[in-house]
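Q: Please show me the model first. I would like to learn how to read its features one by one.

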Amino acid sequence: MSRRTERVNDLIRDELSDMLLKEVRDPRLGGLISITRVEVAPDLSTARVFVSVMAEPEEQEAAMKALNAAVSFFHRELKNRVEMRRVPFLTFRLDTSIALGADVLSLLNQVTSGDSAAT
């Protein structure tokens, strides 16, 4: 990944996070939503936005539908905020790595508490 691509990834992540925090007022986005990473294509035509939603599975699905329905809003706002010739088209994907990490940590805690109880 080139330095330019990394800078564009960070810029888009920061701007989208700011928009989610300050401008989006969709009731389907009620849970804790964070943008974990952005992967821009080498030609800067598309960008995959990985989103973590801390909520029940039904609420996660509703949040993803809301985000994908608002893609044109995010694209238009990015055009106004970012000085780029071409703003990449966005696709939102659910990132479950945080939940997976929490599950692994919970399992490790169970193992270590079981080891200390056995001694």
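Q: Let us begin with Arg13: is it buried, partly exposed or exposed?
A: The label depends on relative accessible area: under 20% is buried, over 50% is exposed and partly exposed lies in between, using a 1.4 Å probe and protein chains only. Arg13 has 26% relative accessibility, so it counts as partly exposed.

Q: What kind of model is this, and how are residues numbered?
A: This is a predicted model, in which local features need pLDDT of at least 70 and side-chain atom pairs count only at pLDDT 80 or more, while totals for chains, interfaces and linings use all residues. Residues are numbered from 1 along each chain as its sequence is written, and side-chain values use heavy atoms, leaving out hydrogens and water.

Q: Which residue meets Arg13 in a salt bridge?
A: Side chains of opposite charge can pair when their charged atoms come close. A salt bridge here is a side-chain nitrogen of Lys or Arg within 4 Å of a carboxyl oxygen of Asp or Glu. The side chain of Arg13 meets that of Asp14, with 3.5 Å from N to O. Asp14 has a relative accessible area of 44%, so it is partly exposed.

Q: How many salt bridges are there by this rule?
A: The count comes to eleven. One of them joins Asp26 and Arg28, whose closest N and O atoms are 3.0 Å apart. Asp26 is partly exposed, at 22% relative accessibility, and Arg28 is partly exposed too, at 42%.
Salt bridges can also be linked in a network, as they are for Glu15, Asp18, Lys22, Glu23 and Arg81.

Q: Which residue forms a salt bridge with Glu39?
A: Glu39 pairs with Arg37, the closest N and O atoms lying 3.2 Å apart. Glu39 is partly exposed, with a relative accessible area of 28%, and Arg37 is partly exposed at 35% relative accessibility.

Q: Over which ring does the charged end of Arg37 sit?
A: A charge sits over a ring if NZ of Lys or CZ of Arg is within 6 Å of the ring centre and within 35 degrees of the ring normal. The charged end of Arg37 sits over the ring of Phe50, 3.9 Å from its centre.

Q: How many aromatic pairs does a search of the whole structure find?
A: Rings of Phe, Tyr and Trp (its six-membered ring) pair if their centres lie within 6.5 Å; planes under 30 degrees apart are stacked, those over 60 are edge-to-face and the rest are tilted. The search finds two pairs. Phe74 and Phe92 form a tilted pair, 5.4 Å centre to centre with 55° between the planes.

Q: Where along the chain do Phe74 and Phe92 lie?
A: Helices (H or I, at least four residues) and strands (E, at least two) are DSSP runs, numbered from the N terminus. Phe74 is in helix 3 (residues 71-81) and Phe92 is in strand 3 (residues 89-94), 18 residues apart, and the pair links distant parts of the chain.

Q: Are Phe74 and Phe92 buried or exposed?
A: Phe74 is buried, with a relative accessible area of 1%, and Phe92 is buried at 6%. Phe73, Phe74 and Phe92 form one aromatic cluster.

Q: What separates the C-alpha atoms of Ala99 and Leu29?
A: They are separated by 18 Å, and the two residues are 70 apart along the chain. Ala99 lies in helix 4 (residues 97-118) and counts as partly exposed at 36% relative accessibility.
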